[in-house]
Number of protein chains: 4
Amino acid sequence: MGMVGGGLDAFIGAVHRRAAGFDNEIELVCGVFSSSPEKSKATGLALYLPEDRVYSSYEEMIEREKALPEGERMDFLSIVTPNHMHFPPAKMALENGFHVMCDKPMTINLAEAKELAQLVEALGLVFGLTHNYTGYPMVKEARDMVRNGKLGKIRKVVVEYPQGWLSKKEEDTNYKQAIWRTDPSKSGAAGCMGDIGTHAENLAEYVTGLKISELCADLTTFVPGRLLDDDGNVLLRFEGGAKGVLHASQIANGEENSLKIYVWGELGGLEWHQMEPNTLKYKTQEGQRIIRPNVGDLSASAKAHWRMPAGHPEGFFEAFANLYRNFAYAVKAHMEGKPADPIYDFPKAEDGVRGLAFIDTVIASNQSETKWTKFIQ
Amino acid sequence: MGMVGGGLDAFIGAVHRRAAGFDNEIELVCGVFSSSPEKSKATGLALYLPEDRVYSSYEEMIEREKALPEGERMDFLSIVTPNHMHFPPAKMALENGFHVMCDKPMTINLAEAKELAQLVEALGLVFGLTHNYTGYPMVKEARDMVRNGKLGKIRKVVVEYPQGWLSKKEEDTNYKQAIWRTDPSKSGAAGCMGDIGTHAENLAEYVTGLKISELCADLTTFVPGRLLDDDGNVLLRFEGGAKGVLHASQIANGEENSLKIYVWGELGGLEWHQMEPNTLKYKTQEGQRIIRPNVGDLSASAKAHWRMPAGHPEGFFEAFANLYRNFAYAVKAHMEGKPADPIYDFPKAEDGVRGLAFIDTVIASNQSETKWTKFIQ
Amino acid sequence: MGMVGGGLDAFIGAVHRRAAGFDNEIELVCGVFSSSPEKSKATGLALYLPEDRVYSSYEEMIEREKALPEGERMDFLSIVTPNHMHFPPAKMALENGFHVMCDKPMTINLAEAKELAQLVEALGLVFGLTHNYTGYPMVKEARDMVRNGKLGKIRKVVVEYPQGWLSKKEEDTNYKQAIWRTDPSKSGAAGCMGDIGTHAENLAEYVTGLKISELCADLTTFVPGRLLDDDGNVLLRFEGGAKGVLHASQIANGEENSLKIYVWGELGGLEWHQMEPNTLKYKTQEGQRIIRPNVGDLSASAKAHWRMPAGHPEGFFEAFANLYRNFAYAVKAHMEGKPADPIYDFPKAEDGVRGLAFIDTVIASNQSETKWTKFIQ
Amino acid sequence: MGMVGGGLDAFIGAVHRRAAGFDNEIELVCGVFSSSPEKSKATGLALYLPEDRVYSSYEEMIEREKALPEGERMDFLSIVTPNHMHFPPAKMALENGFHVMCDKPMTINLAEAKELAQLVEALGLVFGLTHNYTGYPMVKEARDMVRNGKLGKIRKVVVEYPQGWLSKKEEDTNYKQAIWRTDPSKSGAAGCMGDIGTHAENLAEYVTGLKISELCADLTTFVPGRLLDDDGNVLLRFEGGAKGVLHASQIANGEENSLKIYVWGELGGLEWHQMEPNTLKYKTQEGQRIIRPNVGDLSASAKAHWRMPAGHPEGFFEAFANLYRNFAYAVKAHMEGKPADPIYDFPKAEDGVRGLAFIDTVIASNQSETKWTKFIQ
C-alpha cells in the first residue's frame with residue numbers, strides 16, 4: 001500500500017501502519033507523509049522505504065506509482081490526513097484505478113462523500129473506511145446475535161461516547177490533535193459529533209442493522225472560544241419503530257474513550273464497552289451470559305476476527321488490523337475477479353456517506369425548533 | 001407510626017416497615033393495611049399489633065388515633081398505598097396534625113401535589129417522600145462533592161434507569177405490581193416515567209443541586225395493549241446551562257434495576273450505580289479515585305448514613321432506613337421545637353411537587369412538535 | 001430474646017439487634033449489655049427496654065428470666081461478648097433450658113467448644129453461631145449448585161480473606177475492636193486466623209460440602225509488638241482428594257473486607273465475592289453465567305433468603321438477618337415439637353467446634369516442621 | 001531476525017512474528033519453521049521469505065547465515081520450538097555470535113539453563129526470554145511503584161494463575177498444544193508449574209524486586225492418566241521476610257488465562273489482572289486509585305511501553321511486542337557498543353535460570369515431607 005499523511009509526529013499514521021502490517025497481508029511500499037517534503041522524506045527513511053518511493057505530493061505519488069509495472073506499484077492508497085484532505089487524494093486515486101482505504105469521516109461534507117461513493121460504485125473499486133470499532137470480534141458477535149434473532153425485534157438502542165480530553169481549551173496549547181479537530185476548515189461542520197458521534201452512529205446501525213430515520217439533537221460548545229461543538233445529546237428514531245439515545249462528549253471530564261452500546265429487544269439485551277472490548281453481556285429476564293472471544297459457541301464471524309486463545313486480550317490495534325486485513329482480502333478477491341467473502345466485512349463508502357449525512361442531520365436538528373428532523377439522504 | 005396500605009401481600013409495605021424499624025427509632029403502633037377489613041386485621045395480627053389499633057379505614061384510624069392521649073397515639077402516618085390513594089389520607093392526616101411519610105410519587109396529579117405542599121407549608125408539619133435512592137451514603141457523598149466544588153461548574157448529566165420486568169404484558173397475568181402500575185387510574189398519567197423516571201429526575205437534581213429548566217421527551221409504549229408509556233428518552237437542559245440526558249425503561253430486557261448517574265463538570269466527573277451502591281467513581285483527567293463508605297476522608301453526611309465497617313455491604317433497605325431515620329429525627333426536632341439538623345436530610349413535599357411537574361412536562365413534551373418544553377411550575 | 005454484651009459503643013451488638021429484628025420474628029426483651037451496670041442500664045434505656053429487664057450480670061439474667069412465666073421470659077440468649085466470654089453464659093443458658101445464638105468463634109478454645117456442643121446435643125436445644133457469610137442468598141445458591149452436581153466432583157478451592165485494618169498497631173490507640181482482637185486472653189490462641197480465617201474455613205466447607213482433612217500453615221505477625229498472628233497462608237487438602245488454598249490477612253493494606261471464594265470441579269467453577277454479594281459467577285469451558293438474586297431459575301434456598309425484587313441490593317445486615325430468622329424458625333419448631341425445615345439452615349455447634357479445631361490445627365501446623373498436619377478432631 | 005519453530009500451524013510462532021514486527025524495528029529474514037522441510041518451506045513461502053533463506057535445520061541456518069555478510073545476515077535468532085528444543089539452537093546460535101530471543105521456559109532443565117546463562121555472560125551477547133506478562137505497561141508501573149516506596153516494605157504477595165483448558169484429557173484428542181505440554185520429554189519435569197507457574201513466579205519477583213527464598217508446594221495431577229502436574233499450590237517466603245502464595249492451575253474449569261497479582265506493603269497495596277491489563281489498582285487505608293495508561297502522572301517506564309491515547313486498549317500482542325522492541329534496542333545498543341537503556345528492560349538469561357530453579361524447587365518440595373524447601377540455586 002501507499003500512504004498519504006501519517007508523518008512521524010502524527011498519531012494515526014502509525015496506527016494505520018501497525019494495523020496494516022499486523023497480519024502480514026499488507027506491505028507499505030510508498031508514501032507522501034507530510035505536506036513538507038523534508039518531513040515526508042524523514043518519515044520514509046524511518047520506515048525503511050526506498051528514497052524514490054517517498055513522494056512530495058499525492059498527485060506525484062499516484063502518477064508515478066501508476067507508471068510502475070503491475071505487481072510492483074502500490075495496490076491501494078491509505079489516506080490518513082486531516083479530514084479536509086481525504087477527498088482530493090481519494091478521488092484521484094480512484095480515478096487512476098487504485099483502491100482506497102480512508103480514515104473516517106470520509107470527507108469534509110456530504111456532497112464530497114456522495115461523489116466518492118458514486119465513483120466507487122461506477123468504477124467497481126474497493127473502498128474501505130476506518131470505522132474501526134466495528135472490527136472488534138465481540139461487536140461482530142453482537143451484530144450476529146441481533147441478526148439471528150437472539151434479541152427479537154429491537155426496541156431500544158443507547159449508544160454513548162464520552163471522552164474528556166477537550167475539557168480545557170487544548171487547541172490553544174501546542175496539541176496538534178486538538179488543533180485540527182476543533183478547526184472547522186480541517187474538521188468539517190461538526191466537532192464532537194463528527195469526530196466520535198459518527199463512530200457511535202455507525203456502531204449503532206452496524207450492530208442493530210437498523211437505519212436512523214429521524215433524530216432530535218442538542219449540541220453544545222462548552223469550552224468558551226471553541227469553534228465547534230464539544231458535546232451532543234441526540235434522541236433517535238429508527239426505521240421500524242425502535243427508539244434510542246446517542247450522546248457523545250469531548251468534555252466529559254475524566255473519561256478516556258468510553259464508547260458503549262446497549263441494545264434491547266423483545267427477547268433480550270446486549271451490552272458492550274469499548275474499553276473492555278472482549279466482554280459482551282447478553283441479558284434476558286432469565287439471566288445474564290458473559291460472552292468472550294474463543295470461549296464456547298461463537299458466530300463464525302466472531303471467530304474470524306480473533307487470533308489468540310481465550311483470555312489473552314486483544315485490543316484497539318487488533319480491531320483496526322481486522323479492518324485492514326478484511327480490506328486486503330477484498331482487494332485480493334477483486335484482483336482475482338472473485339466476490340469478496342462477506343464474513344470479512346469492513347465499513348465502505350456507503351457508511352461514509354451515512355456518517356456525513358448524520359453530521360448534517362444533527363446540525364440541522366440542532367438549529368431547528370421542531371422536534372424531529374428527518375435523516376438527510 | 002401508623003400505616004395506610006402495606007398488607008401482607010404488598011411488597012412495599014414490608015420494605016417501609018423494615019426501613020422504619022431498622023434504627024430502632026420508630027415503632028409501628030397502628031394501621032389500616034388493606035381496603036378489606038379482614039386482610040387488614042390479618043396483617044395487623046401478623047405484625048403483633050393490638051387488635052384495637054388495626055383499623056378498617058384511614059378515616060377511622062386518623063380520628064381514633066387523634067383521640068388517644070399524646071405519647072400514646074401515632075406520631076406520624078406512613079402511606080404505602082397505590083399512587084391514587086396517597087392524597088386523601090395524606091391530606092386528612094396533615095389536617096389532623098399528623099406528620100406524613102408518603103411513598104412516591106406524592107400524588108396522582110400535580111394539583112393534588114401542590115395542595116399537599118401548601119398544606120405542609122401552612123401547618124408547619126413534617127412531610128417525607130420516599131425517593132429512597134438519595135438515601136445511599138455514596139449519593140450523599142456525590143452531592144457534597146458537587147456542592148464543594150470538586151467537579152467545578154456542572155456541564156453534563158446523564159441519568160439512566162433501565163428495567164426489564166415489563167418486557168412482556170405482565171399486567172395480563174396475576175402480577176399485582178404490574179397491574180396497578182400500568183393502570184392510569186391508579187398510577188397516574190405516566191407509566192415508566194412516573195414510576196422510575198421521577199426517581200431519575202430526583203436523583204439528578206439532588207446530586208447536582210440544579211433544576212431542570214426545559215426538556216424534550218420521546219415516550220413509547222412498546223408492549224401492545226399497554227395503556228401507559230413503558231419507555232422514555234428525554235433531553236434535559238438545566239438552569240445555568242448544563243445539559244443532560246435522562247432515559248428510563250421498563251422494557252429494557254434483562255435489566256434489573258439499573259439506575260445510574262454520571263455528572264461531569266469543569267474539573268471532574270462522577271459515576272454512581274445503584275446496583276453497586278457502595279462505590280462512587282470520581283474521575284478527572286489526572287486519574288480515577290474509587291470512593292467507598294468508611295474508607296478515608298468522606299463528608300460528614302456520607303458518614304452519617306453508613307453503619308458498618310468498610311467492606312460490609314449495605315444496600316437498598318439501609319438506604320431506605322436512612323430516610324425513615326432522618327424523618328424520625330425531624331419529627332423529634334419538631335416535637336422539641338428545634339430546627340431539624342440539615343445533615344439528616346430527606347425528600348420533602350417540594351420534591352414531590354417537582355416529580356409531578358416532571359411527569360406533566362414529559363407528557364406535554366411528548367405530545368408537542370416543538371423541541372423544547374419549559375418545565376412546568 | 002435476651003442479649004449478653006452489645007453495649008451502645010460495641011459495634012457487633014447493634015448488628016445483632018438489627019439482624020434479629022429485621023424480619024419481625026424476634027423481639028429483644030432483656031439484656032445485660034456491659035460488665036458495667038451503669039453502661040448496661042444506659043444501653044437498655046436507649047433500647048426502650050423496661051428497667052427491670054436490664055440486668056447486671058448474665059447469671060442474674062438467666063436466673064430471673066427463668067423465673068418468669070413461659071411466654072413472658074426470653075426464648076433464647078444472644079451472646080455478643082468478646083470471645084473469652086462466650087462460653088460461660090452459653091453454658092449456663094443451655095443448662096437452664098434457653099436456646100443460644102452465639103457470636104463466632106464459639107469459644108476461646110476447642111475443649112470449651114466441644115463441651116458446649118455436647119451440652120447442646122444432650123439437651124436437644126437450638127444453638128446458632130453467626131458465621132454470617134453463609135447467610136447470603138448467592139452462597140446458598142453456590143452450595144446448592146455444588147450439591148446438585150453442577151460443578152461435578154470438586155477439585156480445587158481457593159478462599160481468601162484480606163483485610164487491611166490492622167496494618168498499623170491500632171491496638172495502641174483507643175480502638176476498642178483492635179484491642180480485644182489482638183489480645184490472646186480475650187481473642188484466643190489465634191488472631192487473624194481466629195477472627196476471619198475461621199469464616200473462610202467455614203465458607204469453604206459450607207459451599208463445597210467437603211471437610212478439610214489436613215493442612216499446612218504459615219502464620220505471621222507482621223506488626224511489631226503484636227501478640228497474635230495478623231496474616232496466614234494455608235494449603236488445604238480435603239477429604240476425597242480436593243486441594244485448596246486459604247489465605248487471610250489483617251495487614252493487606254487497602255483491603256476492606258474482601259472475602260472471596262473460588263471452587264472448581266470437573267464440570268465447572270464458581271466465584272463469589274462478599275463485597276459484591278449479589279453476584280455469583282458460574283463458569284465452564286463453554287462460557288460464563290452471572291447468577292443474581294431473583295433473576296431466572298434459582299434454588300429454593302436462594303429464593304428463601306432474599307426479600308426484594310431483582311436489582312435492589314441486599315447486604316451484610318440482610319445476610320445476618322437470615323441467620324437470625326432461620327434460628328428463630330428452628331426455635332419455634334422446637335417449641336412446637338416439630339422438626340426444623342432444612343431450607344432455613346444456619347451454622348450450628350458442630351460448625352463452632354470445627355472452627356476451634358481449625359484454629360488449633362493451623363497453630364499446630366505453623367509450629368511444625370512437617371508439611372502436613374491432620375485436621376484435629 | 002531468524003526463527004526456529006513457528007510453522008503455520010503453531011500458535012506461538014505467529015505471536016512472536018507479530019510481536020517482532022509490531023514496532024517496525026525487526027524484520028524476519030530467515031527461518032527453519034518445522035522439523036519437516038516441506039512444512040518449513042511452506043511456512044517460509046507464506047511469509048514471503050526468499051526460498052534460499054528457508055532452511056531445513058537450525059544447524060544449517062546458523063552456519064549459512066553466519067556465512068552471509070554482516071548487515072545481510074540475521075542479527076538474532078528467535079526460538080519458538082517446544083521446550084526441549086530451546087537449548088540446542090540457543091547454544092549453537094550464541095556460540096556463533098548470534099543474539100537469542102527464546103520462548104520460555106528457557107530450557108528443559110536447570111543444568112542447561114545455567115549453561116546457557118554462562119555462555120551469555122561469557123560472550124557478552126544479548127539474550128531475551130519471553131516472560132511476556134512483564135511487558136504490560138501497568139506491570140511496569142506496579143514495579144516502579146514498589147521500587148519508589150509507594151507500598152513501603154512489602155509484606156505479602158499473592159499471585160494466581162488459573163486456567164481451565166486442560167480440565168479434560170485434551171492430550172488424547174488432536175490438540176497439539178495439549179499434547180506437547182503434557183509430555184515430560186518435550187515440556188520438562190513440570191506441567192502446569194512449568195508452563196504457567198513460572199510466569200507467576202517471574203511476575204511476583206519482577207513486581208516486588210524480591211527473591212523467593214523458600215517454598216512449600218503441593219502439586220496435583222487431577223486428570224487421570226496425565227503424566228505431569230496440572231495444578232499446584234505453593235506457600236512462598238521471600239528474602240527479607242515477605243510471605244506469599246502462588247497457585248496455578250490448568251484444570252480451573254471455566255477460567256481463561258486469569259493471571260492476577262496482589263502485593264501488600266506497609267503503606268499500601270496493588271492489584272493487577274492480566275485479563276484487564278490496562279487497569280492497576282492502588283489501595284491504601286485512605287482509599288483506592290485506578291491507574292490507567294496515559295492517564296495522569298505515570299512512571300517513565302509505563303509511558304515508554306504504551307502507544308495509544310488513553311482508553312484505546314492495548315493487549316497481549318502489544319505487551320509481547322514491548323519485549324521484542326526492547327530486545328531489539330539492546331541488540332542495536334550492542335552493535336553500537338553502547339550500554340542498553342534500562343528503561344527498555346526485558347527478561348534475561350538469569351530469569352530463565354530462576355524459572356528452571358523454581359520448577360526444580362517446587363518438584364523437590366512436592367516430594368518432601370518437610371515443610372520448607374530452600375529455593376535451589
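# Symmetry, sheets and cores in a predicted four-lettered assemblyAuthor: Chain C is superposed on chain D by a rotation of 180 degrees with 0.0 Å of shift along its axis, at an RMSD of 0.0 Å. The copies are superposed by least squares on the C-alpha atoms of residues with pLDDT of at least 70 in both. This is a predicted model, in which local features need pLDDT of at least 70, side-chain atom pairs count only at pLDDT 80 or more, and totals for chains, interfaces and linings use all residues. Residues are numbered from 1 along each chain as its sequence is written, chains are lettered from A and ligands numbered from 1 in the order in which they are written, and side-chain values use heavy atoms, with hydrogens and water left out.

Reader: How are the two copies, chain C and chain D, related?

Author: Two copies of a chain are related by a rotation about an axis and a shift along it. Here a rotation of 180 degrees comes with 0.0 Å of shift, and the two copies are therefore related as by a two-fold rotation axis. Within chain C, Lys371(C) has the C-alpha nearest the axis, 1.9 Å from it. Both copies use the same surface, as 100% of the contact residues of chain C recur in chain D; contact means heavy atoms within 4.5 Å.

Reader: What turn and what shift lay chain D on chain B?

Author: A turn of 180 degrees and a shift of 0.0 Å along the axis do so, with an RMSD of 0.0 Å. Arg289(D) is the residue of chain D that comes closest to the rotation axis, its C-alpha being at 2.3 Å. The same surface again serves both copies, with 89% of the contact residues of chain D recurring in chain B.

Reader: In what order do the strands of the open sheet in chain D lie?

Author: Strands of a sheet pair through backbone hydrogen bonds, either parallel or antiparallel. Two strands are taken to pair if DSSP finds at least two bridges between them; helices (H or I, at least four residues) and strands (E, at least two) are DSSP runs, numbered from the N terminus. In chain D five strands form an open sheet in the order β2-β1-β3-β4-β5, with parallel pairing. At its edges stand β2 (30-32) and β5 (127-129) of chain D, each with a single partner strand, so one side of each is left without a neighbour in the sheet. From one strand to the next the twist averages 15 degrees. Strand β1 (residues 2-4) and strand β3 (residues 76-79) of chain D run parallel and are joined by three bridges, and Ser78(D) in β3(D) is the bridge partner of Met3(D).

Reader: Which helix packs on this sheet, and which strands of chain D does the helix touch?

Author: Helix α11 (residues 316-335) of chain D packs there, touching β3, β4 (99-102) and β5 of chain D, and its direction makes about 170 degrees with that of β4(D). For such angles, axes are lines fitted to C-alpha atoms, for helices over the stretch in contact, and the values run from 0 to 180 degrees between N-to-C directions. In chain C, helix α11 (residues 316-335) lies across β3 (76-79), β4 and β5, at about 170 degrees to β4(C). Three bridges join strand β4 (residues 99-102) of chain C to β5(C), the two running parallel, and Cys102(C) stands opposite Leu129(C).

Reader: Are the residues on the two faces of strand β3 of chain B buried or exposed?

Author: Buried means under 20% relative accessible area, exposed over 50%, and partly exposed in between (1.4 Å probe, protein chains only). In β3 (residues 76-79) of chain B, Phe76(B) and Ser78(B) on one side and Leu77(B) and Ile79(B) on the other are all buried. Three bridges join strand β1 (residues 2-4) of chain B to β3(B) in parallel, with Leu77(B) as the bridge partner of Gly2(B). Four bridges join β3(B) to the parallel strand β4 (residues 99-102) of chain B, where Cys102(B) is the bridge partner of Ile79(B).

Reader: Which residues have the most contacts inside the largest nonpolar core?

Author: A nonpolar core is a set of buried Ala, Val, Leu, Ile, Met, Phe, Trp, Tyr and Cys residues joined through side-chain atoms within 4.5 Å. The largest has 221 residues, and those with the most contacts inside it are Met106(A), Phe127(A), Met106(D) and Phe127(D). Leaving aside neighbours within four places in sequence, Phe127(D) is in contact with residues including Leu94(D), Val100(D), Met106(D) and Phe327(D). A second, separate core of 220 residues includes Tyr55(B), Val32(C), Tyr55(C) and Ala328(C).
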